[in-house]
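Me: I should like to understand how the terms applied to this structure are justified. Please set each value beside its cut-off.

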Amino acid sequence: MDHFQRNAQGVLAAEEVSLKDIAKEYGTPTFVYAKATIERHVRVLREGVKDVPHSLCYAIKANSNLAILETLAGLGCDFDAVSIGEFVQALKAGAKPEQVILSGVGKRDDEMRSALKWGARYICVESIEELKALEQIACHEKVCAPVAVRVNPDVDAKTHPYIATGLKQNKFGVAWNQVHELYRWGQERSALSLIGVTCHIGSQLTTMDPFIDAAKRIGVLAGELLERGVPLRDVGMGGGLGIPYTYENPPTPKEYGQALSDILKPLGLNLVLEPGRVIVGNAGILLAKVVRIKEGSERVFVILDAGMNDLIRPALYQATHRLEKVEVSAANHAVVDVVGPICESADTFLEQESLGSMECGDLVALRSSGAYASVMASHYNGRPHVAEILVDGKRAQLIKKRESIADLWRGEFHLQGDAADSTYPLETGSIDDE
Ligand SMILES: *Cc1c(COP(=O)(O)O)cnc(C)c1O
């Protein structure tokens with residue numbers, strides 16, 4: 001369920017603001033988010049885990065816009081950061097360090113040192129080598145490091161191989177047969193406090209079975225660790241719950257939360273979830289405009305002003321984002337390819353889709369673009385980052401300014417060594433780079 005619906009005039013709207021009005025005011029392409037959807041997703045997930053003590057640590061990497069992070073902080077969420085950059089983004093959004101977990105498979109020593117000094121909730125280690133490095137840092141800083149261990153439960157998430165993380169051949173987590181040895185080593189170190197055991201088996205999971213398998217394995221493991229005197233406080237199940245992009249039918253957040261808490265409740269630990277996609281994925285769309293209809297010899301191409309540099313998921317994961325026209329037209333369906341302007345054949349949003357008739361200038365919405373979309377944007381092909389808007393009821397607020405062409409060379413130096421300024425070369429005059 002989301003808050004992108006047609007209004008009385010038949011125009012697609014975000015909550016109570018028509019996307020046509022947003023395009024008029026802010027141009028295209030533009031990411032548009034519905035705050036009510038974010039709020040709803042947090043609420044339904046909480047309902048699922050209400051029977052156990054829990055923390056919802058939003059995975060910043062899904063969408064790190066400050067206003068989105070502030071929205072989530074306002075809803076009582078904590079945060080999962082996979083770099084010191086994300087950690088600081090959370091602090092910038094008003095989170096306290098003790099609300100932020102530092103995760104990631106390749107944390108640098110300086111990242112762990114900063115998180116430790118600031119007072120992170122815990123550092124989630126992924127190998128014995130990393131634990132040893134962290135112990136050194138903690139000793140040097142004369143502090144006791146709060147640690148959780150991400151284990152690799154070796155379960156098949158049955159998702160796209162690029163976003164499966166819980167199999168033995170994946171780089172993530174501590175191998176199942178090394179876990180006890182690692183905790184034994186850590187237990188003997190006074191600079192380490194082993195307060196958690198966690199896992200994260202992949203993203204965009206659409207069935208409960210892999211989560212249930214992982215929870216059962218983690219549950220047994222946590223029980224063994226408690227028996228051995230490991231002072232566990234948190235048991236973490238990561239994120240990964242999928243969303244409906246097209247025809248997927250994932251478990252609801254409530255079902256998911258309930259199933260996990262049923263399995264893990266007997267441990268008496270705090271359940272940590274790190275949802276990303278399920279919170280923001282369907283809370284956003286990418287608003288774009290048709291720049292050209294091109295009749296090729298075999299196919300008709302609808303070329304948008306948005307491309308894979310704005311939304312890379314179709315190119316990277318063969319993902320499909322539903323496309324809807326902002327204004328409905330006569331149902332003159334035709335089979336077309338919807339593509340972006342980038343010089344790559346992978347820059348294709350939809351292939352051989354039957355869509356209602358399209359014309360130059362038509363506005364379209366690429367649905368489910370709230371997660372792993374704007375955060376993966378690049379300047380490829382000389383394209384500035386697009387604007388982002390957060391809608392709350394009748395109010396549309398700019399939460400990221402559209403970049404200008406001058407942002408393409410920001411921070412660069414001329415061959416002679418002087419810094420490039422933001423003025424345009426004379427010939428371009430008053431360039432219209434909206
Ligand atoms: C990416 C990630 C998440 C979030 O995954 P989603 O599928 O977006 O819910 C949570 N925890 C960790 C450790 C991650 O790397």
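**Strands, cysteines and a loop residue**

Reply: In this predicted model, strand 2 (residues 12–14) and strand 3 run antiparallel and are joined by two bridges.

Me: What makes strand 2 and strand 3 a pair?

Reply: Pairing requires at least two bridges, and two bridges join strand 2 to strand 3, so the two strands count as paired. Within strand 3, serine 18 is the bridge partner of alanine 13.

Me: Why are strand 1 and strand 3 said to stand at the edges?

Reply: Three strands form an open antiparallel sheet in the order 1-2-3. Strand 1 (4–6) and strand 3 (17–18) each have a single partner strand, so one side of each lacks a neighbour in the sheet.

Me: Why is there no bond between the sulfurs of cysteine 124 and cysteine 199?

Reply: A disulfide needs two cysteine sulfur atoms within 2.5 Å. The closest cysteine sulfur to that of cysteine 124 belongs to cysteine 199, at 9.7 Å, which is too far for a bond. The structure holds zero disulfides.

Me: Why is cysteine 124 called buried?

Reply: Buried means under 20% relative accessible area; cysteine 124 has 2% and therefore counts as buried. Cysteine 199 is also buried, because its relative accessibility is 2%.

Me: Why is alanine 377 called partly exposed?

Reply: Its relative accessible area is 21%. Partly exposed lies between the limits of 20% and 50%, so alanine 377 belongs in that class. Alanine 377 is found in the loop between strand 19 (363–366) and strand 20 (387–392). Leaving aside residues up to four places away in sequence, alanine 377 touches Asn309, Asp310 and His385.

How values were computed. Residues numbered from 1 in each chain as written. Predicted model: local features only at pLDDT ≥ 70, side-chain atom pairs only at ≥ 80, totals over all residues. Heavy atoms only, no water. Helix = DSSP H or I, 4+ residues; strand = E, 2+ residues; numbered from the N terminus. Buried < 20%, exposed > 50% of the residue type's maximum accessible area, 1.4 Å probe, protein only. Contact = heavy atoms within 4.5 Å.
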